[in-house]
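Here is a friendly walk through one protein model, meant to be read with the structure open beside you. Rotate it as you go, and take each stop in turn.

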Amino acid sequence: MGVKLYYTTVTASREVKSQQAEVMRILDSKSIQYELIDISVGGEVRDEMRSKAGNPTAVPPQIFNEDQYCGNYEMFSDAVEEDKVEQFLKMA
């Protein structure tokens with residue numbers, strides 16, 4: 001599967017929960033299939049996400065197409081505003 005969404009099921013941050021939910025809602029509304037990868041299962045998964053994103057402090061949600069980094073929530077949100085989600089996800 002192409003699109004991968006790194007997220008967490010364990011967070012005290014309402015902002016992170018809200019951002020993750022919005023990304024999933026928008027992908028679902030566009031019928032874009034994606035794989036959820038929960039970084040709370042172990043530090044190695046979080047480290048892998050940060051390494052792939054090229055940011056040692058990256059927090060979910062982080063979005064990839066296969067192993068190609070697409071961006072974080074803010075970048076996704078901008079793409080939604082500009083109606084460029086497919087380009088953002090490197091699908092076009």
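Which elements each supply at least two residues of the lining of the largest pocket? They are α1 (14-29), β4 and α3. Please keep in mind throughout that this is a predicted model.

Let us stay with the pocket for a moment. The space in the largest pocket comes to about 160 Å³. Its lining is made of 13 residues, and those closest to the centre are Val59, Gln62, Asn72, Tyr73 and Glu74. Helix α1 gives the largest share of the lining, with three residues. By character, the lining residues split into seven nonpolar, four polar and two charged.

Now turn to the sheet. Four strands form an open sheet in the order β2-β1-β3-β4, and their pairing is mixed. β2 (34-38) and β4 (68-72) each have a single partner strand, so these two stand at the edges and one side of each has no neighbour in the sheet. On average, neighbouring strands are turned by 25° against each other, direction ignored. Strand β1 (residues 3-7) runs parallel to β2, and five bridges join the pair. Within that pairing, Tyr7 has Asp38 of β2 as its bridge partner.

Two helices can be placed against these strands. Helix α2 (residues 43-53) packs on the sheet and touches β1, β2, β3 (62-65) and β4, with its direction at about 70° to that of β3. Helix α3 (residues 73-81) lies across β3 and β4 and runs at about 85° to β4.

Two acidic residues make handy landmarks, Glu48 in helix α2 and Asp38 in strand β2. The table sets out their accessibility and one C-alpha separation for each.

| Residue | Relative accessibility | Class | C-alpha separation | Places apart along the chain |
|---|---|---|---|---|
| Glu48 | 36% | partly exposed | 10.0 Å to Tyr6 | 42 residues |
| Asp38 | 15% | buried | 14 Å to Val3 | 35 residues |

Why does Asp38 count as buried? Its relative accessibility is 15%, and the cut-off for buried is under 20%. Glu48, at 36%, counts as partly exposed, because that class lies between 20% and 50%.

What does Asp38 touch, leaving aside residues up to four places away in sequence? Its contacts are Tyr7, Thr8, Thr9 and Val45. Tyr7 therefore appears twice in this picture, as a contact of Asp38 and as its bridge partner.

How values were computed
Residues numbered from 1 in each chain as written. Predicted model: local features only at pLDDT ≥ 70, side-chain atom pairs only at ≥ 80, totals over all residues. Heavy atoms only, no water. Pairing = 2+ DSSP bridges. Axes fitted to C-alpha atoms, helices over the stretch in contact; angles between N-to-C directions. Contact = heavy atoms within 4.5 Å. 1 Å grid on protein atoms, 1.4 Å probe; cavity = no way out; pocket = protein on both sides within 12 Å on 5 of 7 lines; lining within 4 Å. Points joined across faces, edges and corners; volume = space filled by probe spheres on them. Nonpolar A, V, L, I, M, F, W, Y, C, P; charged D, E, K, R; others polar. Buried < 20%, exposed > 50% of the residue type's maximum accessible area, 1.4 Å probe, protein only.
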